[in-house]
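Please work through the exercises below with the sequence and the 3D structure open beside the text. Try each task before reading the solution that follows.

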Amino acid sequence: MIKRSDEVATALAEGRPVVALESTIISHGLPQPRNLKVAAELEEIVRAGGAVPATIAVLDGVPRAGLDKSELERIATEPGLRKLGFRDLAPAGALGVSGATTVSATSFLAARAGIRVFATGGLGGVHRGWTSVQDESADLDTLSRTRITVVCAGVKSILDVPATLQRLETRQVAVVGYRTGEFPGFYLTTSGEPVDWRIESAAEAAEIMRAQDRLGGPETALIVANPVPETEQLDPELHDRVLAEALLAAEARGVTGQAITPFLLEYLVRATSGASLEANLAAVRGNVALATEIATAWTA
C-alpha cells in the first residue's frame, strides 16, 4: 500500500497537477547539507508552477508519495539509507527497511499512486561493453511496462547512448525531444544522436499522453528528453577527456556491475572540480519546471 501525503491525496482527488520526484538524488547524489537544500528547492519549483510535489521514497518499509519536512530530512541525513530499485521494493516492505528510490522504483510507485508525470535528471540505460557484460539498467524494463511520463536530460553520458535508444525502441517506449531533434547528453546539451519526434510545448506532451490512453496497448512510458541549456552544460571537451579517464580508471581497478555508475559519476565530479554536478543540477531544475508544465497541461 502506498501512503500518499494529505497534500498529494487531496490534489489527486481534485484533479490538480502533481509531479513525482525521485529521492536518490537527495540521499546518494549530493553531499550534505546541500542535498536537503536542493530537495526543498526542487519541491519549490513545482509549487511555483502551480502543482504539488510528490517526492517518492520508502520509510520503514512503507512506500511514500509526498514527504513532509522531517521525512525529507531523514532521506537527506539518515546513515546507511538503501538505494531501492523496483526489485527491492518487496524486500524493503517486508523487512521494514527505509530507502531512496531510483528511476525504476519511483516510476512504479508514482504510477501506482495515480501520478502521471515524473521529473528526474538522467535515466539509466545500456552500459558500455554490453556485449560482454550484458549490464542494463532496470529503468528500461520498468519504463516498458509503466504508463508514466518521464522528463529527463537523456541518459547518463557514461552509458552507451545509441544502444540505449535502440533498446527503448525495441521495448516500445516513445521518446520525444523537447524543442530539439537530438537526444540530450545529460551533462551536455546533445549526445549527437537523433530523436524521431520533436515537440515544442508542454501541451503537445499532454496530447501525446492522451493519445497513449486512447490507443490502449502496452502500458509503456513516454520519455520527454529535455536538454540542459547550452550555457549551463559541462564543457564538451572537458567531459569527453574526463570520461575517457574515468573509464580507464574503472577498468584498471576492476570496477564492474552496480558499482560502475557511482564510480564514474564520482570521478567526473572530482575531475571537473564539481562542474559536472552543477550541470546535472541545472538539468534537473529544468526538468522539474517542464514536468510541472506538462502535469498542468495534462490536468487542464
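The exercises that follow concern a predicted model, and they go from annotated residues to the pocket, the cavity and the nonpolar cores.

**Exercise 1. The residues annotated as active site**

Task: Find the residues that UniProt lists under "active site", and decide for each whether it is buried or exposed.

Solution. Step one is to consult the record: the UniProt annotation "active site", from an unreviewed entry, covers Glu-22 and Lys-156.

Step two is to place them along the chain. Glu-22 sits in the loop between β2 (18-21) and α2 (24-27), while Lys-156 belongs to the loop between β8 (149-152) and α9 (161-170).

Step three is to apply the cut-off, by which a residue is buried when its relative accessible area is under 20%. Glu-22 has a relative accessible area of 13%, and therefore counts as buried; Lys-156, with 19% relative accessibility, is buried as well.

Step four is to look at the surroundings, leaving aside neighbours within four places in sequence. Glu-22 is in contact with residues including Thr-55, Ile-56, Thr-101, Thr-102, Phe-118 and Gly-121. Lys-156, for its part, is in contact with Gly-122, Leu-123, Gly-124, Phe-186, Thr-261 and Leu-265, and its side chain reaches the backbone oxygen of Gly-122 at 3.0 Å.

**Exercise 2. The residues annotated as binding site**

Task: Establish which residues UniProt lists for "binding site", and whether they cluster in space or are spread out.

Solution. Step one again starts from the record, an unreviewed UniProt entry, which lists Lys-83, Val-103, Ser-137, Ala-138 and Asp-139 for "binding site".

Step two compares sequence with space: these residues are spread over 57 residues of sequence, and yet they cluster, with a largest C-alpha distance of 13.8 Å. The lining of the largest pocket includes Lys-83, Val-103, Ser-137, Ala-138 and Asp-139.

Step three takes two of them in detail. Lys-83 is part of strand β5 (residues 82-84), and because its relative accessibility is 42%, it counts as partly exposed. Not counting residues up to four places away in sequence, Lys-83 touches Thr-24, His-28, Asp-88, Ala-100 and Thr-102. Ser-137 is found in the loop between α7 (130-133) and α8 (138-143), where its relative accessibility of 15% makes it buried. With the same sequence neighbours set aside, Ser-137 touches Gly-124 and Gly-125.

**Exercise 3. The largest pocket and the largest cavity**

Task: Describe the volume and the lining of the largest pocket, and then do so for the largest cavity.

Solution. Step one concerns the pocket, whose volume is about 1,400 Å³. It is lined by 49 residues, of which Lys-83, Thr-102, Lys-156, Thr-261 and Pro-262 are the closest to its centre. The elements that give two or more residues to this lining are α2, α6 (103-113), α8, α12 and α13 (275-299).

Step two looks at one of these elements, α6, which is mostly covered, with eight of its 11 residues buried. Among them are Val-103, Thr-106 and Ala-110. After α6 comes Gly-114, whose phi is positive, near 95 degrees.

Step three turns to the cavity: a search of the whole structure finds one cavity of 30 Å³ or more, and the largest cavity has a volume of about 30 Å³. Its lining consists of Leu-21, Glu-22, Ile-25, Ile-26, Ala-39, Leu-42, Glu-43 and Thr-55. Helix α3 gives the largest share of that lining, three residues. Glu-22, listed under "active site" in the UniProt record, is thus also met in the lining of the largest cavity.

**Exercise 4. The nonpolar cores**

Task: Identify which members of the largest nonpolar core touch the most other members, and which helix gives the most to this core.

Solution. Step one recalls a general tendency: in soluble globular proteins, nonpolar side chains tend to be buried together.

Step two is to examine the largest core, which has 57 residues, and in which Ile-115, Leu-123, Phe-183 and Ile-223 touch the most other members. Helix α12 (residues 260-271) gives the most to this core, with six residues.

Step three follows Ile-115, which, apart from neighbours within four places in sequence, is in contact with residues including Val-8, Leu-12, Val-18, Ala-54, Ala-110 and Ile-148.

Step four adds a second, separate core of 37 residues, which includes Ala-119, Val-176, Tyr-178 and Ile-294.

Definitions and conventions:
Residues numbered from 1 in each chain as written. Predicted model: local features only at pLDDT ≥ 70, side-chain atom pairs only at ≥ 80, totals over all residues. Heavy atoms only, no water. Core = buried A, V, L, I, M, F, W, Y, C linked by side-chain atoms within 4.5 Å. Buried < 20%, exposed > 50% of the residue type's maximum accessible area, 1.4 Å probe, protein only. Helix = DSSP H or I, 4+ residues; strand = E, 2+ residues; numbered from the N terminus. Contact = heavy atoms within 4.5 Å. UniProt positions renumbered as here; feature names shortened; annotations may be inferred. 1 Å grid on protein atoms, 1.4 Å probe; cavity = no way out; pocket = protein on both sides within 12 Å on 5 of 7 lines; lining within 4 Å. Polar contact = N/O pair within 3.5 Å; in protein donor to acceptor, adjacent residues only side chain to side chain. Points joined across faces, edges and corners; volume = space filled by probe spheres on them.
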